[in-house]
Amino acid sequence: EDVQRWMAGEPVSAHSEPLSRRINRWIAHHRRWSQVIAIAFIAVLVAGISLGFMARQKQIAEQHDQFHDMLAHARQMETQLGGAARSLGRNVRFMPNVPGIQGIISARGGNGENEADDVWRERIERVYQGLLRANPEYLSVSYIQVEGKNKSKEIARVARQSGDADQIFVVPKSRLAVFEEETLIHDVANLQPGEVKLSHKPRGRKGVVSRRHGLALVAGAPVYNEKNGVSQGAVVI
């Protein structure tokens, strides 16, 4: 019986045939159905490849559009940041020429504070208040005097309230900061008159008014004694 089945091309019971052999036999006995299945499989395969290619092309196009949107946004930010830096540089370059600073320098005469200091300090503070009112993005402005190789001290500072940007206050003398090894201030103090230093690194003083989720620019210009040309410190915005 197995011989007859084998001669007829049918499965036999004497041994188990491999799957490929059984598939080939089925195809030989069902030519039309096997062709239909093959065509359907090829059609599904081509459709799947086409859909996958279209999805990939769409993803590439979306990424391309997103990249160009981000590039345009970056260029806009660069333009805005450049404009802000130039404006900040112009303002901080003007601040050392405020008469009150030279008044404090002359009043001190290198011998420490005296009563005239308070008069000139109040004038400086009024100018600084006007600067902050005119520039809502400014957080604080300080006149800092270098008092030694690694030491500097704030002489006057006006700042904006961190919780209420519309509130501007004068920092009391007792709250003015003393800096130890403040690199930025000494770098600014060593600049030539009229030069400006910009930095995005905040000064290392606790209680600095700052804004979360943003970039803080710091600009400084040197202060020189108009009489003897000696560097005295810096104005920092």
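In the predicted model, D118 has a relative accessible area of 33% and is therefore classed as partly exposed. This aspartate takes part in a salt bridge with K173, in which the N to O distance between the side chains is 3.3 Å. The contact connects distant parts of the chain, since the two residues are 55 residues apart: D118 belongs to helix α5, whereas K173 lies in the loop between β3 (168-170) and β4 (178-180). K173 is likewise classed as partly exposed, because its relative accessibility is 44%.

A further salt bridge is formed by D118 with R121, at 2.9 Å from N to O. Here both partners are located in helix α5 (residues 115-134), where a spacing of three residues corresponds to about one turn of the helix. R121 has a relative accessible area of 5% and so counts as buried, because the cut-off for that class is under 20%. The D118 side chain, at 33%, is instead partly exposed.

The remaining ion pair involves R157 and E154, whose closest N and O atoms are 3.0 Å apart. R157 is buried, as its relative accessible area is 6%. E154 is also buried, with a value of 1%. Through shared partners, salt bridges unite D118, R121 and K173 in one network. In total, three salt bridges are counted in the model.

The strand β7 (residues 231-236) is mostly covered, with five of its six residues buried. Two pairings of this strand can be described. Strand β1 (residues 140-146) pairs with β7 in the antiparallel sense, and four bridges connect them. Within β7, G233 is the residue that stands opposite Q145. Strand β6 (residues 218-224) also runs antiparallel to β7, to which it is joined by five bridges. Y224 has S231 of β7 as its bridge partner. In the hairpin made by β6 and β7, six residues lie between the strands, and G229 adopts a positive phi near 70°. In a regular strand, side chains point alternately to the two faces of the sheet.

On the surface, a nonpolar patch is formed by L19, I23, W26, I27, W33, V36 and I37. Together these residues present about 700 Å² of accessible area. Helices α2 (19-29) and α3 (31-94) each contribute at least two residues to the patch. The greatest contribution comes from α2, which supplies four residues. One of the patch members, I27, is placed in helix α2. I27 counts as partly exposed because its relative accessibility is 31%. That value also satisfies the criterion for patch membership, which requires over 30% relative accessible area.

Technical notes: Residues numbered from 1 in each chain as written. Predicted model: local features only at pLDDT ≥ 70, side-chain atom pairs only at ≥ 80, totals over all residues. Heavy atoms only, no water. Patch = residues over 30% accessible without salt bridge, like charges linked within 9 Å, V, L, I, M, F, W, Y side chains within 5 Å. Areas by Shrake-Rupley, 256 points an atom, 1.4 Å probe, with all protein chains shown as cover. Salt bridge = Lys/Arg side-chain N within 4 Å of Asp/Glu carboxyl O. Buried < 20%, exposed > 50% of the residue type's maximum accessible area, 1.4 Å probe, protein only. Pairing = 2+ DSSP bridges.
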